[in-house]
Amino acid sequence: MTLQSSGTISLANIRDEYNNGSSDPVVLNDYYRGGSLVRANADNNTATNLSADIPTSANSSPLSINDFYGQTKAFRKTYSSTATDQSGVGVFGDDFAVNYPKEIVINASQTVGATSSSAPALKIDSTGAGTITITNNGSIEGAGGAASSAGGNALQVDGSVSVTLVNNGTIKAGGGGGGTGGTGGSGVYTASATFSSLVDEGGGGSFTPQNNKPSWLNSIYTSAGALDGAGVSSDRQWRGINGQFNRSSSGGQAQSGQFTINHSGSAGSGFSGNCANRGPIYISAQTNITGVYTVSASISSLYGSGYGTPTISVSTSTSSAGTSRSNSGTANITASTTTYFTSYGTASNGKNYYYNSLSMSVSGTCLAIQAGSSGGSGGVGQGYNQSAGSAGSGSSGSNNGGAGGSGGAGGAFGASGSSGSTGSNGSGTSVSFPSSAPTNGASGASGGASGKSIQGVSNVSSSGSGSLTGGTA
């Protein structure tokens, strides 16, 4: 305790203050400041030396018993204004690990706060030695947590360091951040696709038609394919994409665009084809939207029959039939991927259709998946220089995709954040490509836990009339 500031002071009083417990005779010269009994500040010790009036050596001033009036064996750090992110090592420097009393005093109406939830407002490091006393007449405040994250600690005592706490103010743990809202479920909608990069794989080339076919069809069409009509009028000739080849006289059916691939290139229009013989109609193209498309094939039979079942295959390879559909059905098509469409009759090998024709079509619309919208952000937790944040709204859904759930509000000092809300379910026709949809909305994230008002409380001896906001550990 502080030596008296007036009246009689004895050598025993000095010994009890600076060498307590010793019964050795007092040699006054042992008590110069800067020695082992009365320490001087280390260069990195920013605290006030409460023995600053004691001379450092006989050269500076002969030591007198009067030099000890009002002196105390301690370093003291007093906070008379707001400070942030404080620690014992940061205040007392090298002297923090020395067995010498240390005091931290936070004045009334002043705050020591944390600027990040990853560190406490005031940390007593594990290297501390000597008596450590904290007198809090103001406030020690942890930082609030970010969305879904825990708040920060206010006072943290590491290791096995013993601390005496006189709390006449408030010690507040940072509030936990609110949880992020859940993502909305995926929906399914009818999309208008645009096909591009069409290639007449079967008919185009150095001469028309070349009558090419994919290698996998060789086991079905063992003889050559044929796009032009046979044994009938010359105007039933293949003219490629959008009638690009003018191969018949004016006024004939080919001239009018009957035996061709019709492709406008506009969104939602798809493409279709018609040839005057067994084909195959063999086209490659790309689409801009991944989805489930309707495809069809047909054979007219005005004159004769026996051509088999009209079939269309959809594949990303020339050596595999991929998905084959009789007459009509659906096919899964991936955007920005070259896809081969082959239309044929299953029993048309080597047969001429005469006045019959082979047709195919690919829809310009598809069932596509719309991802659900994102959830709202969670509010930040209350902390030093920061109010608790309110919940953020989830984004609105579109194309049957579910809306995102609202985020959770941030917690007040010492409280956990609220959990985010579940996202809305998606809707629409069920599909399984490229994934299963529609789906339910995702659950919101849990709110972050509160920090601790005192972390390491087992090493703290407390007194005073102040309050703790938030748990201890």
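A polar contact is a pair of N or O atoms within 3.5 Å; within protein, one of the two must be able to donate a hydrogen and the other to accept it. In this predicted model, such a contact joins the side chains of E103 and R76, at 2.7 Å. E103 belongs to strand 5, which covers residues 102–106. Leaving aside residues up to four places away in sequence, E103 touches R76 together with L50, A74, F75, K77, F92 and T133.

Strand 5 is part of an open sheet of six strands, arranged in the order 1-2-5-8-11-25. The pairing in this sheet is mixed. Its edges are held by strand 1 (48–49) and strand 25 (460–463). Each of these edge strands has a single partner strand, so one side of each is left without a neighbour in the sheet. The partner strand 11 (residues 163–167) runs parallel to strand 25, and four bridges join the two. Within this pair, V166 has S463 of strand 25 as its bridge partner.

Another open sheet is formed by four strands in the order 4-7-10-24, with parallel pairing. Strand 4 (86–87) and strand 24 (454–455) are the edge strands, each pairing on one side only. Between them in the order stand strands 7 and 10. Strand 7 (residues 122–124) pairs with strand 10 (residues 155–157) in the parallel sense over three bridges. I124 stands opposite V157 of strand 10.

Strand 24 also bounds a loop that begins after strand 23 (358–370), and S419 is found in this loop. The relative accessible area of S419 is 45%. Partly exposed residues lie between the limits of 20% for buried and 50% for exposed, and S419 is therefore counted as partly exposed. Beyond residues up to four places away in sequence, S419 touches G179, G408, A445, S446 and G447. S419 and A388 are 31 residues apart along the chain, and their C-alpha atoms are separated by 14 Å.

A further loop connects strand 18 (291–299) and strand 19 (310–315), and L302 lies within it. The relative accessibility of L302 is 67%. Because the limit for an exposed residue is over 50%, L302 counts as exposed. L302 also contributes to a nonpolar surface patch, which is made by L302, Y303, Y354 and Y355. The area of this patch is about 490 Å².

Notes. Residues are numbered from 1 along each chain as its sequence is written. This is a predicted model: local features need pLDDT of at least 70, side-chain atom pairs count only at pLDDT 80 or more; totals for chains, interfaces and linings use all residues. Side-chain values use heavy atoms; hydrogens and water are left out. Patches are made of residues with over 30% relative accessible area and no salt bridge: like charges are joined within 9 Å, nonpolar side chains (Val, Leu, Ile, Met, Phe, Trp, Tyr) within 5 Å. Accessible areas come from the Shrake-Rupley method with a 1.4 Å probe; for residues, only the protein chains shown count as cover. A salt bridge is a side-chain nitrogen of Lys or Arg within 4 Å of a carboxyl oxygen of Asp or Glu. Buried means under 20% relative accessible area, exposed over 50%, partly exposed in between (1.4 Å probe, protein chains only). Two strands pair if DSSP finds at least two bridges between them. Contact means heavy atoms within 4.5 Å.
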